[in-house]
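Biologist: I want the labels on this model justified, one by one. Shall we look at it together?

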2 protein chains.
Amino acid sequence: MLPVEDARARIIAALAPTAAETVALPDGAGRVLARGVVARLTQPPADVSAMDGYALRAADGTEGATLAVIGSSPAGRPFGGTVGAGQAVRIFTGGFIPTGADTILLQEDATADGDAVRVNETVNPGRHIRRRGLDFSEGAEVLPAGRRLTARDIGLAAASNNPWLTVHRKPRIGILATGDEIALPGDPIPAGGIVSSNAHALAALIRASGGDPVVLPIAPDDTDIIAGVAGTAYAFDMLVTTGGASVGEHDLIQKALGAEGFELGFWKIAMRPGKPLIWGRLGRTPVLGLPGNPVSAMVCAVLFLIPAIERMSGLPGAAPRMRRVLTSVPLAENDHRADYQRASVSFDKEGRMLVTPAPVQDSSMLATLARADALVLRAPHAHALPAYAEVEAIILPELGV
Amino acid sequence: MLPVEDARARIIAALAPTAAETVALPDGAGRVLARGVVARLTQPPADVSAMDGYALRAADGTEGATLAVIGSSPAGRPFGGTVGAGQAVRIFTGGFIPTGADTILLQEDATADGDAVRVNETVNPGRHIRRRGLDFSEGAEVLPAGRRLTARDIGLAAASNNPWLTVHRKPRIGILATGDEIALPGDPIPAGGIVSSNAHALAALIRASGGDPVVLPIAPDDTDIIAGVAGTAYAFDMLVTTGGASVGEHDLIQKALGAEGFELGFWKIAMRPGKPLIWGRLGRTPVLGLPGNPVSAMVCAVLFLIPAIERMSGLPGAAPRMRRVLTSVPLAENDHRADYQRASVSFDKEGRMLVTPAPVQDSSMLATLARADALVLRAPHAHALPAYAEVEAIILPELGV
C-alpha cells in the first residue's frame with residue numbers, strides 16, 4: 001500500500017499550472033498571479049504630510065513665532081506657490097509639502113489667528129513627512145508571481161495603478177459520478193438506490209479551493225456511457241470520478257476508460273477511510289478516481305484533490321496544513337494505515353483548541369462528517385495517547401470546506 | 001472615544017438578517033440557512049452490509065460449514081428472495097441485507113467454491129451491518145437554521161434528498177468612494193491625486209465574507225453628486241462610504257447625506273489605525289463610513305464590516321477570532337487606544353506561529369499591509385512585552401482577506 005505522502009507527491013509531480021489569462025482587477029481576488037504586479041507609479045507621488053497642521057521652514061518653527069498663512073494644501077490639491085521665510089501653508093494628511101517647506105507644525109501645537117498662525121511648540125526638521133516612494137516606487141514589483149491574491153493585494157494592485165492582472169486560469173474540473181444505484185436529489189430513486197451526494201459536495205469543495213467545477217450527468221455502470229462521457233474530458237484540466245474505485249469495481253472504470261486511451265494507475269493508499277484511489281491520464285487530461293463512499297471521497301479530496309487544484313492554480317500544492325491541538329479523549333494505538341478521524345472542535349477556558357473524534361468512525365456517515373470540523377491524524381503505528389495529549393489535525397473550515 | 005467592542009455591539013444591534021431566498025443545492029455552499037434542512041428519506045434506507053462478503057443466518061455461520069450461494073446483493077440491486085437455512089447471498093458494501101439473513105461473513109473469512117461458500121471463521125450475529133437510519137431518518141433536521149453551509153453540508157443536504165435550500169440573501173452592499181483626488185486604476189490621475197484602492201479592496205473583502213458588493217462610481221467632493229448617489233442607497237442592504245470620515249471632512253458627507261434624510265452617528269473609536277467612523281441610517285439602509293486612508297479602511301472593515309456582513313447573512317456577527325500567538329520581538333507599552341499592528345507571520349521549529357510587527361506602522365503603507373497577514377492587538381494600556389511573549393492576533397488569511 002502506498003503512503004499518503006507518496007501518493008500526493010506523485011500527483012503533484014504529474015501536474016502543471018494552468019496557462020495564464022488576463023482578468024480585470026476586481027476579478028483577481030483569490031487567483032494566483034502568473035506574472036508579478038509592477039508599480040506603474042510612485043506612492044506617495046511626492047513628499048506629503050502625515051498629519052493635519054502647517055507646512056513651514058523648520059528655522060521659522062520656534063515656540064512663540066507667528067507666521068503668515070499664505071494658502072492651503074489639502075490632499076489632491078497641491079499648493080502652487082513657495083513657502084518663504086516667515087510663511088506657512090495650511091496642510092492636511094496626504095497634502096503635498098509645498099516648495100520651500102521642510103517640516104510640519106501639528107494642528108494641536110498651533111493657534112490659528114486670521115491669516116496668521118502662532119507656533120506653540122518648536123518643530124523638529126523633517127517630522128511628520130511621508131517621503132516620496134515610502135510605500136512603493138514606479139517599476140518595483142509589489143506582488144510576486146505565484147501569490148494568491150488577498151483583498152489587501154487587490155488594494156495594492158489598484159493603488160499601484162494596475163487595472164489588469166495576469167493570473168493562472170481556474171482549473172476546470174469535470175466531476176463524473178458513476179453507479180446504477182444513484183439518483184440526483186429530487187429525482188426518482190431506483191429501488192435499493194440512494195441519492196447522489198458526492199458530485200455536488202465535490203463541486204463545492206473545488207469551488208472553495210479555487211477550481212471551476214463542471215458536474216457531468218450521472219453515468220450508469222455501463223462502459224459505453226462512461227467511455228462516451230470520458231471522451232469529452234479533453235475539455236477539462238482534470239477529470240474527477242467518484243465510485244467504481246473499489247477493488248471489485250475498478251475494472252469497470254478501467255475498461256470504460258481504456259477504450260479512450262486511459263493509462264491507468266490504481267493505488268491502494270495506506271489510509272483510512274478511502275483506501276482505493278485511481279490515478280491516470282486520459283490523453284493529456286489527468287484523472288483522479290475517488291471512492292464512491294461519500295466520507296472517503298471527501299477525505300481523499302482534502303488530502304489529494306485540494307493540493308492538486310492548488311498546483312494547477314499556480315501554487316506549490318502542499319499537504320493540507322496540520323495544526324497541533326489537544327485531544328479531549330484518550331486515543332487507541334493505530335495500525336499500519338494513516339487514520340483520519342472525523343472529530344468535532346471545541347475550545348477550553350484558555351482558548352486552546354480541543355478535538356473529540358466521533359465515537360463511531362463509520363465511513364458512510366455524512367451527518368457525522370458534516371458535524372466534524374477536524375480530521376485528526378493518527379499516523380501509521382501511532383502509540384495510544386491519554387486525554388489532553390497533543391495531536392495533529394486538519395481543520396476543515398480553515399480550508400473553506 | 002468609543003471602545004472598539006462598544007462600536008461593534010452598536011452596529012450589530014442595529015442590523016437584522018436579510019430575508020430568505022430559495023437557491024438550488026449547488027448554490028448553497030457558503031450561504032447561511034434561513035430554514036433547517038430536513039431529511040426527506042432515511043439513510044441507509046434499509047439494513048445494509050458494511051463490508052464485502054456473504055449475508056447468511058448467524059446460526060449457519062460456524063467454521064467449516066458450507067452454504068449454497070443463491071444470489072447476490074450489490075449496492076443498488078437488492079436480492080429479491082429470502083435466505084433460508086444453509087443458504088447465503090453474495091453481498092457488497094452498501095448492499096441491502098436480504099430477508100432471512102442476520103449477519104455478514106467477511107469475504108476474507110470465506111472460500112468461494114462454485115455455487116457454494118465455505119465458512120473459515122465463525123460469524124458473530126449482527127456484525128458488519130449498518131442499521132437502517134444509522135446516518136439519518138426521514139423527518140429529522142440534519143442541518144439547523146443559522147448554519148453557514150460547508151461542502152460537507154452540501155453533501156448531507158443532497159444525500160437527504162434536498163434539491164433546494166432556503167438561505168438568507170447575500171447582503172448587497174454599495175461601496176461609495178469619495179474624493180476629488182482619486183482616480184480609478186488606468187484612468188487619468190488629477191494633479192496631486194492618487195489611484196483609488198479602497199473600493200475594490202473592500203469589494204474583494206465583502207465578497208470573501210459572503211456579501212454581494214456593488215462598486216459605485218467615484219464621487220467628487222460635491223454634496224449634490226454625493227447626495228444623488230446616496231439617494232439610490234435604498235437598493236442596498238448597506239451603504240459603505242470611504243473617505244470623508246476624518247474630523248475635517250465629515251461635514252461634507254453629513255451635509256450631502258443630510259439632504260437625503262441621513263441620521264448621522266459620528267464616532268471617534270479608541271483604536272489605531274482608523275480612529276474616525278461614520279455610522280447612521282439613510283431611510284432604512286444602514287450606512288458605514290470608513291476612513292479614506294486605505295490601511296485604516298481595511299482594518300476598520302475587518303473589525304466592523306465583516307461582523308456586520310455576517311450578521312446580515314444570518315450569523316451572530318461576532319468579533320473576528322483572536323488567536324494566541326508569540327511575538328518574535330519585544331513590544332512597547334500601549335496608550336489608551338487599542339492598537340492593531342500589522343505583522344508578518346512565521347513559524348518556529350516547533351510549528352508555533354510567530355508574529356513580527358512591521359517596524360514602521362505608518363497607516364498609509366499598502367505594501368506593508370499586503371505583506372502583513374496578522375493584526376496584532378495591543379489592548380488599551382497594555383504593558384510592554386518581551387520577545388516570545390504571548391499576544392492576541394487576527395490572522396487575516398483565516399478570514400479570507
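Modeller: Start with domains. Their bounds come from an automatic or database domain assignment. For chain A that assignment gives domain 1 (4-17 + 170-313), domain 2 (20-43 + 142-168), domain 3 (48-130) and domain 4 (323-399). Bear in mind that this is a predicted model.

Biologist: How far apart are the centres of domain 2 of chain A and domain 4 of chain A?

Modeller: Taken over C-alpha atoms, 38 Å separate them.

Biologist: What makes an empty space a cavity?

Modeller: A 1.4 Å probe fits there but cannot get out. A search of the whole structure finds 3 cavities of 30 Å³ or more. The largest holds about 60 Å³, and the second largest about 40 Å³.

Biologist: Which residues line the largest cavity?

Modeller: B:G30, B:R31, B:V32, B:R148, B:H168, B:R169, B:K170, B:G210 and B:S313. By class, that is 1 nonpolar, 4 polar and 4 charged. Glycine counts as polar here.

Biologist: And which residues line the second largest cavity?

Modeller: A:R152 from chain A, with B:M298, B:V299, B:V302, B:L369, B:L375 and B:L396 from chain B. The classes are 6 nonpolar, no polar and 1 charged. Helix α6 (residues 294-312) of chain B gives the largest share, 3 residues.

Biologist: Why is the second largest cavity said to lie between domain 1 and domain 4 of chain B?

Modeller: Because domain 1 (4-17 + 170-312) and domain 4 (323-399) of chain B both give residues to its lining.

Biologist: Why is helix α2 (residues 151-159) of chain B called largely enclosed?

Modeller: Buried means under 20% relative accessible area. In this helix 9 of the 9 residues are buried, so the rest of the structure largely encloses it. Among them are B:R152 and B:D153, alongside B:I154 and B:L156.

Biologist: What makes B:T150 a cap of α2(B)?

Modeller: The cut-off for a polar contact is 3.5 Å. A side-chain oxygen of B:T150 lies 3.2 Å from the backbone nitrogen of B:R152, at the N-terminal end of α2(B). Just after the helix, B:N161 takes a positive phi of about 70°.

Biologist: Why is A:S346 called partly exposed?

Modeller: Partly exposed runs between the 20% and 50% limits. A:S346 has a relative accessible area of 30%, so the label is partly exposed. A:S346 is found in strand β23 (residues 338-347) of chain A.

Biologist: What is A:S346 in contact with, leaving aside neighbours within four places in sequence?

Modeller: A:R352, A:M353 and A:L354. Contact here means heavy atoms within 4.5 Å. By C-alpha, A:S346 and A:I226 are 44 Å apart in space and 120 residues apart in sequence.

Methods:
Residues are numbered from 1 along each chain as its sequence is written. Chains are lettered from A and ligands numbered from 1 in the order in which they are written. This is a predicted model: local features need pLDDT of at least 70, side-chain atom pairs count only at pLDDT 80 or more; totals for chains, interfaces and linings use all residues. Side-chain values use heavy atoms; hydrogens and water are left out. On a 1 Å grid over the protein atoms alone, a cavity is a set of points where a 1.4 Å probe fits but cannot get out, and a pocket is an open set with protein on both sides within 12 Å along at least five of seven lines; lining residues have an atom within 4 Å of a point. Grid points are joined across faces, edges and corners, and a volume is the space filled by probe spheres set on the points. Helices (H or I, at least four residues) and strands (E, at least two) are DSSP runs, numbered from the N terminus. Buried means under 20% relative accessible area, exposed over 50%, partly exposed in between (1.4 Å probe, protein chains only). A polar contact is a pair of N or O atoms within 3.5 Å; within protein, one must be able to donate a hydrogen and the other to accept it, and residues adjacent in sequence count only if both atoms are side-chain atoms.
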